[in-house]
Amino acid sequence: NAEDEFQNEPQNANNDTQENEVGGQETLKSGQEILNDTKNDTRNDTSKDTSYSYLDKYAMLQENIEKENIKRKVLIMEAIREYVTYTVAPYLKKEDVLILLENINCMAIGHTSSYKSIRSDLNNPLRSPDLRHLAWNIGERLGISNRERAIFIKASFPFELRDATVEYLERNLRDVIPASIPIDRPAKGDYKFNSMKKTIAA
């Protein structure tokens, strides 16, 4: 019996060793899995951080673009007001110039039902070619369609344009008829008026 017990002891020891090895492998495996999970989490966090970073930059870019667009629109309206005031001063009373400028504001924002009518000086009236060219020059800076330009100028000067339909004005805004107010085509990508450049230079 003593011999049997002695012989069984190494076997039990071997079994304990094998169990410990297996347990150790499981422990190592679990540790490796934890390490892998940690790496995956780190990658995911990095990916999220990068995505948010790009989204933040995109939002900032859009905000800057919007600011630049607003700034450009303000400069365009300032150029138009200066041009119109200088151009129509010989033909309109001061209060009518102010009404015309307000009509231009309404055209720019699409409030076409808010136009008010005015009339040029009886002794020095604006004629149809003058008004057609004026409407084209303004609308070109605002990116307004020819029809909207025609509606604007017809509503602003109903007496001077009493014989012209909106359709006629739309087709003939930019013609080659001599007029006191010539066509003023802006350079590509620009909004400044050539006639004002010449005035400033003089």
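In the predicted model, Glu167 is partly exposed, with a relative accessible area of 37%. The side chain of this glutamate forms a salt bridge with that of Arg147, at a nitrogen-to-oxygen distance of 3.4 Å. The pair connects distant parts of the chain, since Arg147 belongs to helix H4 (residues 146–156) and Glu167 to helix H5 (residues 166–171), with the two positions 20 residues apart in sequence numbering. Arg147 is likewise partly exposed, its relative accessible area being 36%.

A search of the whole structure identifies 7 salt bridges. One of them joins the side chains of Asp190 and Lys192, with nitrogen and oxygen 3.8 Å apart. Asp190 has a relative accessible area of 22% and is therefore classed as partly exposed, and Lys192, at 40% relative accessibility, also counts as partly exposed. Elsewhere, salt bridges with shared partners unite Arg147, Glu167 and Glu170 in one network. A further salt bridge is found between Arg149 and Glu140, where the distance from nitrogen to oxygen is 2.9 Å. The two partners of this bridge fall into separate accessibility classes: Arg149 is buried, at 5% relative accessibility, whereas Glu140 is partly exposed, at 33%. The assignment of Arg149 follows because 5% lies under the 20% limit for buried residues.

The overall architecture is helical, as the protein contains 6 helices and 0 strands. Along the sequence, the order of elements reads α-α-α-α-α-α. The protein has 202 residues, of which 27% are classed as buried. Among contacts with a sequence separation of 6 or more, 68% are made by residues 24 or more positions apart.

Two helix pairs were examined in detail, both of which involve H2. The packing of two helices is described by the angle between their axes and by the distance between those axes. Helix H2 (residues 94–109) packs against H4 at an angle of about 150°, and the axes lie 11 Å apart. An angle over 145 degrees counts as roughly antiparallel, and H2 and H4 are therefore roughly antiparallel to each other. The crossing of H2 past H4 is right-handed. On the H2 side, the contact involves Leu100, Asn103, Ile104 and Met107, which meet Glu148, Arg149, Phe152 and Ser156 of H4. Classified by residue type, this contact of H2 with H4 comprises 4 nonpolar, 2 polar and 2 charged residues. Arg149, which takes part in the contact with H2, is also the arginine of the salt bridge with Glu140.

The second pair is formed by H2 and helix H3 (residues 128–142), which pack at an angle of about 45° with their axes 11 Å apart. This angle makes H2 oblique to H3. The crossing of these two helices is right-handed. Leu100, Ile104, Met107 and Ala108 of H2 contact Leu134, Ile138 and Leu142 of H3. By class, the contact of H2 with H3 has 7 nonpolar residues, with no polar and no charged residues. Leu100, Ile104 and Met107 are named in the contact of H2 with H3, and these three residues also appear in the contact of H2 with H4.

The loops contribute further contrasts in accessibility. Arg127 is located in the loop that connects H2 and H3. With a relative accessible area of 55%, Arg127 is classed as exposed. Arg127 and Ala179 are separated by 52 residues in sequence, and their C-alpha atoms are 8.1 Å apart in space. Asp184 occupies the loop between H5 and helix H6 (194–201). In contrast to Arg127, which is exposed, Asp184 is buried, with a relative accessible area of 5%. When residues up to four places away in sequence are not counted, Asp184 touches Tyr83, Trp136, Asn137, Arg141, Phe193, Asn194 and Ser195. Of these contacts, Trp136, Asn137 and Arg141 lie within the residue range of H3, while Asn194 and Ser195 lie within that of H6.

Conventions: Residues are numbered from 1 along each chain as its sequence is written. This is a predicted model: local features need pLDDT of at least 70, side-chain atom pairs count only at pLDDT 80 or more; totals for chains, interfaces and linings use all residues. Side-chain values use heavy atoms; hydrogens and water are left out. A salt bridge is a side-chain nitrogen of Lys or Arg within 4 Å of a carboxyl oxygen of Asp or Glu. Buried means under 20% relative accessible area, exposed over 50%, partly exposed in between (1.4 Å probe, protein chains only). Helices (H or I, at least four residues) and strands (E, at least two) are DSSP runs, numbered from the N terminus. Axes are lines fitted to C-alpha atoms, for helices over the stretch in contact, and angles run from 0 to 180 degrees between N-to-C directions. Angles under 35 degrees count as roughly parallel, over 145 as roughly antiparallel, 65 to 115 as roughly perpendicular and the rest as oblique. A crossing is left-handed if the near helix is turned anticlockwise from the far one by less than a right angle, and right-handed if clockwise. Contact means heavy atoms within 4.5 Å. Ala, Val, Leu, Ile, Met, Phe, Trp, Tyr, Cys and Pro count as nonpolar, Asp, Glu, Lys and Arg as charged, and the others, Gly among them, as polar.
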